[in-house]
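Let's take a walk through the open spaces in this protein. Have a look at the structure first, and then we'll go pocket by pocket.

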Amino acid sequence: MRPLKDALAGIVGPSPSLCALRERLPMLARSNCSVLITGETGTGKDCVARALHELGERRSGPMVSINCAALPDTLLDSELFGYERGAFTGAHAAYPGKISLASGGTLFLDEIGDMPLHAQAKLLRVLETREVFPIGAMRSRHVDVRIVAATHCALEQAVRKGAFRADLFYRLNVARIELLPLRQRPEDVAPLFEHFAGQLGEPPVRITPSAMALMQQHDWPGNARELRNLVESAGLVFDGRPLEPAELPLVNMKPPADDEPRRVIAALEHCEWNRTRAAEMLQWSRMTLYRKMKQFHIAPEPVRTARAP
C-alpha cells in the first residue's frame, strides 16, 4: 500500500477545508461508492481523484481518465463504451473503451457536466448493471469499475434546466467533495508556491515577502493551476535572487468577478482576445472555450470603433 503521506502529497495547504479533506479521503477511499468532486477549474479535482484511487483497495488496478469536455459528442461514445471492428467507417480494429480499460480500478470522468444527454443515459446503465455495450457488439460485457466524477458546473441547476439527468446525478452524488477556490483560502498560496517551485526548478524559485503578500491578495481565477503556471513562468526569469512583485507574471491581472461569464471575458481581455491563450489560462480546451462563448453570447472579439483624427 502506498504510504498515506505520499498519496496525499498533491493536496497541499493548511486551510481548514484541506485539513478536513485529508482526514476524510482515507475513509472514502476504502469505500467502493461513486464520488462527485465539485469546484472551479484548477482547484485540484484530478489530484483528489488520484488520491482516492491510490488510497483504496483498487490501487493495484488501472486508473483511467477522460475529459468529457475535450471530445466532440460524436467521439465520446466510442471512447467511453468502445466499439467492435467494422462497427463504423474507420473502425479497422476493435477498441474496448475507457470503461472496460478501467475495469478492476477507477474511471475518472472529468467535466461530467459537459457530457451529452445520450451518453449520460448509457453511463447510467453501466452504473446500474455493471455492464457495457460497445458499439456494434452483439452482447454486453461485465465491468468492475469505480466511478469518480468531477465538474466545475452546478449540476443541481443543470438538472433543473434539463441539461443533466437527475437519476445519473443521484447515482454519482453518493459521496461529495467540494473544493474551495484559492481566493477563499489565501493561507494555501505560500505552501502551494513552495510545492510547485520544488517540483519545477532547481534551485527553486524564490520571491520577496512583498511579492508573496501580493500573491495572497490576488483573485486567482485559474486557482492552483494558474499558480503553477506562474511558478513555471517565473522560473524563466529567476536568476538566484528573490523576485519582486513586478517580476511575477499574471499577478497584476485585474481580478474578475466570481461568475463564469465575467471570468471568460477577463481571460479573453487579458490575452488580447487570443482564444488559444485564453483557453490555456482557464485550463480549458479550445472547444470548451468556444462552447462557453456561445453559451454566454460573447462575440469572438470586441467591435473596435475608429478614433476621430
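**Two pockets, one walk**

Helix H9 is a good place to begin: with four residues, H9 gives the most to the lining of the second largest pocket. Keep in mind as you look around that this is a predicted model.

H9, which covers 189-200, has company here. Helix H2 (16-30), helix H3 (45-55) and helix H11 (223-237) each supply at least two residues of that lining as well. The space they help to line has a volume of about 400 Å³. To find the middle of it, look for Gly10, Gly44, Cys47, Phe196 and Ala224, the closest to the centre among the 22 residues that line this second largest pocket. What sort of residues make up the lining, by class? There are 12 nonpolar ones, along with six polar and four charged.

Now move over to the largest pocket, where about 810 Å³ of space lies. Its lining takes in 33 residues, and the ones closest to the centre are His152, Cys153, Ala154, Glu260 and Lys292. Which helix gives the most to this lining? That's H7, with five residues.

H7 spans 155-161, and a strand joins in this time: E7 (175-178) supplies at least two residues of the lining, as do helix H12 (260-270) and helix H14 (286-295). Sorted by class, the lining of the largest pocket holds 13 charged residues, 11 nonpolar and nine polar.

Key: Residues numbered from 1 in each chain as written. Predicted model: local features only at pLDDT ≥ 70, side-chain atom pairs only at ≥ 80, totals over all residues. Heavy atoms only, no water. 1 Å grid on protein atoms, 1.4 Å probe; cavity = no way out; pocket = protein on both sides within 12 Å on 5 of 7 lines; lining within 4 Å. Points joined across faces, edges and corners; volume = space filled by probe spheres on them. Nonpolar A, V, L, I, M, F, W, Y, C, P; charged D, E, K, R; others polar.
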